[in-house]
Each structure stands twice: as C-alpha cells, then as structure tokens.
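Work through the exercises below with the sequence and the model at hand. Try each task before reading its solution.

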Amino acid sequence: MLTFIAYGLAVVLNLMILFIGARFLLVPQAAAAGYGVPAKTDGDRAYLTIKGVRDGTYGLLGLALLAFAGTTAEAWYMLVVALAPLGDTLIVLRNGGTKAAAFGIHFATAVVVLVCAALLFAVA
C-alpha cells in the first residue's frame, strides 16, 4: 500500500507541475495571477514563458525518472526539486504577493514534495 501511495503521489505531483508549465505557456497572465504575483500586461511575457518551460521540464523529468530510473532516483529528485517551491515562497513574499499565496500554495507544495520524497525513500 505504501508503494502505491508513494508512486501515486509522485505521478500526481509531476503531472501537476507539467500542467502548471503548460498553463504558463498557454495562458501566462492567468497563471501568473494564480502563482501569487500578477504579471505586468505589457512586458513579462518572456519570463512567464521561461517559467512555463522550467515547470514543464521538471514535470517531464520527474515522470521519466520514475519510469526509467526507479524510486531512489525519483526520491532524490523530489528532495532537490523541493527547493523550487521554497524559492517561489520567497519570491511571492518579496514581490507583493500575499502570505496566503506564499505559504498556502508554494510552501505547502514544498512540504508535500518533501513528504513524497520521504515516502519514495521508504519504499526504495
């Protein structure tokens, strides 16, 4: 059962970050608002595209590691990739976003990613 939960959570997290990347590529203004720091309507397109590509790449890499390298590689990946939502927490706080978005979205995501890493290490 623990193996199913660890794999399932890893797949869901990777698909979610892949979805977020696609959202930043397809509807960047709405995605930025959901991130917690609305983008300027006239000049942030390149940075929003960068975020979309970064997040999409993270999602695909996580799925590839899980499929082809196994739980130990995925666990280490999750441990390291948790730095991204922790950094996002600080970005939101330093750029006028709300504490609710910083902690409720980004910090909470980091915690869930770290829990996933722990579960994957446990079943490896």
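The exercises go from the whole chain to helix pairs and then to single residues.

This is a predicted model, in which local features need pLDDT of at least 70, side-chain atom pairs count only at pLDDT 80 or more, and totals for chains, interfaces and linings use all residues. Residues are numbered from 1 along each chain as its sequence is written, and side-chain values use heavy atoms, with hydrogens and water left out.

**Exercise 1. The whole chain**

Task: Describe the secondary structure and the overall dimensions of the protein chain.

Solution:
- Step 1. The protein chain has six helices and zero strands. Helices (H or I, at least four residues) and strands (E, at least two) are DSSP runs, numbered from the N terminus. The order from the N terminus is α-α-α-α-α-α.
- Step 2. Along the principal axes, the C-alpha atoms fill a box of roughly 45 × 25 × 20 Å.
- Step 3. The radius of gyration of the protein chain is 15 Å, which agrees with the value near 14 Å for a compact globule of 124 residues. The radius is taken over C-alpha atoms, and the globule rule is 2.2 Å times the number of residues to the power 0.38.
- Step 4. Of the 124 residues, 37% are buried. Buried means under 20% relative accessible area, exposed over 50%, and partly exposed in between (1.4 Å probe, protein chains only).
- Step 5. Among contacts between residues at least 6 apart in sequence, 69% join residues at least 24 apart. Contact means heavy atoms within 4.5 Å.

**Exercise 2. Two helix pairs**

Task: At what angle do the axes of α2 and α3 cross, and at what angle do α4 and α5 pack?

Solution:
- Step 1. Axes are lines fitted to C-alpha atoms, for helices over the stretch in contact, and angles run from 0 to 180 degrees between N-to-C directions. Angles under 35 degrees count as roughly parallel, over 145 as roughly antiparallel, 65 to 115 as roughly perpendicular and the rest as oblique.
- Step 2. Helix α2 (residues 28-35) and helix α3 (residues 45-68) have axes that come within 10 Å and cross at roughly 75°. Therefore α2 is roughly perpendicular to α3.
- Step 3. On the α2 side the residues are P28, Q29, A32 and Y35, and they meet R45, L48 and K51 in α3. By class, this contact of α2 with α3 has four nonpolar, one polar and two charged residues. Ala, Val, Leu, Ile, Met, Phe, Trp, Tyr, Cys and Pro count as nonpolar, Asp, Glu, Lys and Arg as charged, and the others, Gly among them, as polar.
- Step 4. The axes of α4 and helix α5 (residues 83-94) are 5 Å apart, at an angle of about 10°. So α4 is roughly parallel to α5.
- Step 5. L79, V80 and V81 of α4 and L83, A84 and P85 of α5 make the contact. The contact of α4 with α5 has six nonpolar, no polar and no charged residues.

**Exercise 3. Three residues**

Task: Is T71 buried or exposed, and how far apart in space are I5 and C116 and T49 and V123?

Solution:
- Step 1. T71 lies in helix α4 (residues 71-81). Its relative accessibility is 11%, so T71 counts as buried.
- Step 2. Apart from neighbours within four places in sequence, T71 is in contact with Y7, L120, V123 and A124.
- Step 3. I5 belongs to helix α1 (residues 2-26) and, at 39% relative accessibility, counts as partly exposed. I5 and C116 are 111 residues apart in sequence and 8.8 Å apart in space, C-alpha to C-alpha.
- Step 4. T49, in helix α3, counts as partly exposed at 31% relative accessibility. T49 and V123 are 74 residues apart in sequence and 36 Å apart in space, C-alpha to C-alpha.
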